[in-house]
Amino acid sequence: MANIEEDMKTTMPGESVERTIKVRVWRGKDDGRFESYEIPARENQTVLDVVTEVQRYHEPALAYRFACRVGVCGSCAMTVNGRPRWTCRTHVKRVVENGEMTIEPMRNMPRIKDLVCDMSEFFDKWHRAGGKFKGKLTRHEKVAAVDPRDRKRKNADAGIECINCGVCYAACDVVSWNEDYVGPAALNRAWTLLNDERHAAPREVLAMATADGGCSSCHTQGSCVKHCPVGISPTRSIAGIKRMSLLDLLNWRER
């Protein structure tokens, strides 16, 4: 009798029924599996809100990363319906398809657990491309004056807002089949240093960015530009490195 009454409660005309979203979440490592959950649909709900609800009310052991929740740190990046995104900035209504959504860790990186991937290789490649800044001056000298109207300063400014969230790396098809490729974020960083007049080792950076696995490996497919959450164009930066390396080669031959 109780079961019949419950059924009537959910089917009586005019009775409000709570809308839900069916969420498929990756659990485990590379040999893991998808688990499905029913989550209440709410107004202004982000994908990160959904992941948090799964962790709080369904899977307390679910592993995922987040920090700021306001689109600043980039640590909450995941793959949502096949596309890498910052989940704190992604509203469910923009990505849900027929009331369903699939969430998994980012591509091109080893999976540690659930939605957490290992970014060690990403940062190793960032250094391999010459990403470390080496200043010309010491702390005891006057700070270098940089003219914001200078062409090189503008080139650096175009790519300097990268926060290494890894979305472009996860979106890059070249990275997926060429594990030696350093990736768009690393080369974008190299380009900013090549245009930074305060940097003491530009030729070292150029040599590292043009070595095997560097800028020549880029096929200019533009996935990094399409998916960058802050609107940076690593493709433009990589093209700048290619152009600079060619000019450097021509100048070397003329000497």
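A residue counts as buried here when its relative accessible area is under 20%. I103 sits at 0% relative accessibility, so I103 is buried. This is a predicted model, and I103 makes a handy starting point for a walk through it. From there we can visit the open five-stranded sheet, the helix that lies across four of its strands, and two helix pairs that α8 makes, with α5 and with α9.

**I103 and its surroundings**
- I103 belongs to strand β5, which spans residues 100–104.
- Leaving aside residues up to four places away in sequence, I103 touches V23, R24, V25, W26, F34, V47, V51, M78, T79 and L115.
- Two of those contacts, V47 and V51, are themselves among the buried residues of helix α2.
- For a sense of distance, R139 lies 36 residues from I103 in sequence, while their C-alpha atoms are 46 Å apart in space.

**The sheet**
- Reading across the open sheet, the five strands come in the order β2-β1-β5-β3-β4, with mixed pairing.
- The edge positions go to β2 and β4; each has a single partner strand, so one side of each has no neighbour in the sheet.
- From one strand to the next, the twist averages 35 degrees.
- As a reminder, strands of a sheet pair through backbone hydrogen bonds, in either a parallel or an antiparallel way.

**Around β3**
- Strand β3 covers residues 77–80 and strand β4 covers residues 83–86; the two run antiparallel and are joined by four bridges.
- Within this pair, M78 faces R85 of β4.
- The hairpin of β3 and β4 has two residues between the strands, and N81 adopts a positive phi near 50 degrees there.
- β3 also pairs with β5, again in the antiparallel sense, over two bridges.
- In that pairing T79 stands opposite E104 of β5.
- Both M78 and T79 are also on the list of residues that I103 touches.

**Helix α2 on the sheet**
- Helix α2 lies across β1, β2, β3 and β5, and runs at about 100 degrees to β2.
- Residues 47–57 make up α2, in which V47, L48, V50, V51, T52, E53 and V54 are buried.
- The cover over these buried residues includes β1 (20–27), β2 (33–40), β3, α3 (92–95) and β5.

**Helix α8 with α5**
- Helix α5 (residues 151–159) and helix α8 (residues 184–194) bring their axes within 8 Å, crossing at roughly 155 degrees.
- The two helices are therefore roughly antiparallel to each other, since angles over 145 degrees count that way.
- Their crossing is left-handed.
- K152, N155, A156 and G159 of α5 meet N188, W191, T192 and L194 of α8 in this contact.
- By class, three of the contact residues are nonpolar, four are polar and one is charged.

**Helix α8 with α9**
- α8 packs with helix α9 (residues 202–209) at an angle of about 155 degrees, and their axes are 9 Å apart.
- α8 and α9 are therefore roughly antiparallel to each other.
- The crossing of α8 past α9 is left-handed.
- On the α8 side the contact uses L187, A190, L193 and L194, and on the α9 side P202, V205, L206 and A209.
- The contact of α8 with α9 has eight nonpolar residues, no polar ones and no charged ones.
- L194 of α8 takes part in the contact with α5 and in the contact with α9.

Conventions:
Residues numbered from 1 in each chain as written. Predicted model: local features only at pLDDT ≥ 70, side-chain atom pairs only at ≥ 80, totals over all residues. Heavy atoms only, no water. Pairing = 2+ DSSP bridges. Axes fitted to C-alpha atoms, helices over the stretch in contact; angles between N-to-C directions. Parallel < 35°, antiparallel > 145°, perpendicular 65-115°, else oblique. Left-handed = near helix turned anticlockwise from the far one by under 90°. Contact = heavy atoms within 4.5 Å. Nonpolar A, V, L, I, M, F, W, Y, C, P; charged D, E, K, R; others polar. Buried < 20%, exposed > 50% of the residue type's maximum accessible area, 1.4 Å probe, protein only.
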